[in-house]
Amino acid sequence: MSTATRSLPRALGAHAILLTYTAIALFPVILVVMNSFKSRAGIFGAPLTPPTPKTLDLIGYTTVFGQGDFIHYFQNSLVVTVASLFFVLLFGAMAAFALSEYRFRGNTMMGLYLALGIMIPIRLGTVAILQLMVATGLVNTLTALILVYTAQGLPLAIFILSEFMKQVSDDLKNAGRIDGLSEYTIFFRLVLPLVRPSMATVAVFTMIPIWNDLWFPLILAPSEDTKTVTLGAQLFLGQFVTNWNAILAALSLAILPVLILYVIFSRQLIRGITSGAVK
Amino acid sequence: MATKLMATKLMAAETRAKRPIRWHVGVFLAPAVLVYTAFMILPLFGTLQLSLFRNIEQSQVFVGLGNFRTLFGDPNWSVNFWNALRNNVWFFIIHMLVQNPIGILLAALLSSPRLRFTAFYRTAIFVPTILSFVIVGFAWKLILSPIWGVAPHLMDFVGLKSFFTPWLGKEQYALTALSLVSVWQFVGIPMMLIYAALLSIPDEVIEAAECDGVTGMAQFWKIKLPLILPSIGIISILTFVGNFNAFDLIYTAQGALAGPNYSTDILGTFLYRAFFGFQLQVGDPNMGAAIATIMFLIILAGVCVYLFLVQTRLRRYQF
């Protein structure tokens, strides 16, 4: 009885805090998207109100679509992100399994070697990477970005996944071995499904910096054909500093596809996290 | 007794003979190690090497630690360097004091049993994290801009309008304001990691605690917190590394000059200016490499502290 009466205020308190923070998190996004549909007078006159018929104006969007090829940039970003993510998760989980499961000579050294990349910003090697890409003729290709991003994502993926793989019960794996499963089957059939929640978490962490990266598209693939959406938006914003309609429209266009992708993806992520948290 | 000993010996010999080379270990490791070595480690060593050379009359001359002497001793460089380092430390302190506690608090609230709408909160609070620096930098620049007037307008609602100043334009506030923008953007990461860790605590442990009368706040401090300490260790080191590599937010919001008057300059923007040049200064890859080397050493020190002092003392539980 006492817990029932005490839990209501607590739940209300929790909702109050979470709602407040949700508002803080969403406010800038809503503000930008809302104002992108307004005329210049509407943007400055009443920034906090949704567009009314009087202030509704799509001039910003016409400017953006007249200037940049955002759909093409978006495709490039998608290809790069999905391909890099696939390789990071596959290679990363395999290496994490090898490190956390087997005792072999040089295990600790190998772990440290791979963990080195968490602390080294891959940017520090930019000049040498650019030389390498020039030498192999990969400049201005999406392949160059995919290779660099795979290398960039692997260390963190391995680090986090091996933390989680250490928690997978040894008894389960040994039971599999006794049943005659090969090491590959144990990895793909027993361990991978068990660490799926952490894979989802790693996927989000890997995906975000890749999608949002400005540096490598600028240096390795700045051509019109290979521009990513982040680079396209940055260049566009630089050109239209004083055109608020165009800036807000460009920002909204950069936000909305990611947001849609995220809403679709987050169901997967949340189901992953909640369904089978490693036990 | 003797036969038993013999059997043990035989078994040991057999296991040794049975797996002379375990190919699968190599197969599991090879792809990751190859890509990682070719595109991260080798270029990095290229950069470290570059920091020991200087371009004199079109050719690279070995100067030992000369570039570092310039960086620490020559006032043209050292003033900016120490300023950037100080700013970077402040940037990190704000993240540790604001971002991680908020992340843990949100995760703890989200994981409380029978709370409704958690999926909505989780999704919404993570939204800023998925946005690119370009969007975040520009959006906050617009919001805090006195030209648009959204921020003073909002502060008027709670009667704080007189406290408004153009934070991004004032030397004493700009760095703190940008750090808080960065906190706003990344709070989802500690939240998600801690949340996943909290969910992985078995119900039996919680039930046992409840049977012993440990509930609510006491349960969080005494049962859950010790169990999620490894995750808190991870988010701390991730924050450290992320902050000392930071560049993009400052660059998109304040430009490469990290204004006003270098007050938001951190190591990343300092490196960028040294490396690629800006306005009147010509880019110097060798000095850039020297700064990159210093950043590398700072981060290396932080990670060593984590690996050898923190992680070894954390207890890991297997459920």
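1. Before anything else, a word on terms: helices here are DSSP runs of H or I with at least four residues, strands are runs of E with at least two, and both are numbered from the N terminus. With that in hand, B:I147 is easy to place: this residue sits in the loop that links α6 (133-144) to α7 (150-157) of chain B. Do keep in mind while reading that this is a predicted model.

2. Staying with that loop residue, is B:I147 buried or exposed? The cut-off for exposed is 12 or fewer other C-beta atoms within 10 Å, and B:I147 has 10, so it counts as exposed. If you want a distance to check in your viewer, try B:I147 to B:F308: their C-alpha atoms are 50 Å apart, with the two positions 161 residues apart along the chain.

3. Now chain B as a whole. Its secondary structure comes to 14 helices and four strands. The radius of gyration is 26 Å, against a value near 20 Å for a compact globule of 319 residues. Along the principal axes, the C-alpha atoms occupy a box of roughly 85 × 65 × 30 Å. As for burial, 39% of the 319 residues make the cut. Taking the contacts of chain B with a separation of 6 or more, 67% involve residues 24 or more positions apart.

4. Chain A has 13 helices and zero strands, so reading its elements from the N terminus just gives α over and over. Here too the globule rule is off: it would put 279 residues near 19 Å, while chain A comes out at 24 Å. The C-alpha trace spans about 75 × 75 × 30 Å along its principal axes. Of the 279 residues, 44% are buried. Contacts joining residues at least 24 apart make up 77% of those between residues at least 6 apart in sequence.

5. One helix of chain A is worth a look on its own. Helix α10 (residues 196-212) has 17 residues, and its first and last C-alpha atoms are 24 Å apart, close to the 24 Å expected at 1.5 Å a residue. How many of the residues of α10(A) are buried? The count is 13 of the 17, so the rest of the structure largely encloses this helix.

6. On domains, the assignment for chain A gives domain 1 (2-62) and domain 2 (68-239). The C-alpha centres of these two domains of chain A are 35 Å apart.

7. Next, the largest nonpolar core, which has 162 residues. A:A95, A:V148 and A:A250 have the most contacts inside it. Which element gives the largest share of this core? That would be helix α7 (residues 142-165) of chain A, with 17 residues. Domain 1 (2-62) and domain 2 (68-239) of chain A both contribute residues, so the core lies between them. To see one of the well-connected positions, pick A:A250: setting aside neighbours within four places in sequence, its contacts are A:V64, A:A233, A:F236 and A:L237.

8. Last, the interface. On the chain A side 78 residues are in contact with chain B, and on the chain B side 64 residues take part. What is the make-up by class of the side of chain A that touches chain B? It has 60 nonpolar, 14 polar and four charged residues. Interface size is often quoted as the accessible area lost when the parts come together; the numbers in this point are residue counts.

Technical notes. Residues numbered from 1 in each chain as written. Chains lettered and ligands numbered in written order. Predicted model: local features only at pLDDT ≥ 70, side-chain atom pairs only at ≥ 80, totals over all residues. Contact = placed C-beta atoms within 7 Å. Nonpolar A, V, L, I, M, F, W, Y, C, P; charged D, E, K, R; others polar. Expected span 1.5 Å × (residues − 1). Buried ≥ 20, exposed ≤ 12 C-beta atoms within 10 Å, placed from the backbone. Rg over C-alpha atoms; globule rule 2.2 N^0.38 Å. Core = buried A, V, L, I, M, F, W, Y, C linked by C-beta atoms within 7 Å. Domains from an automatic or database assignment.
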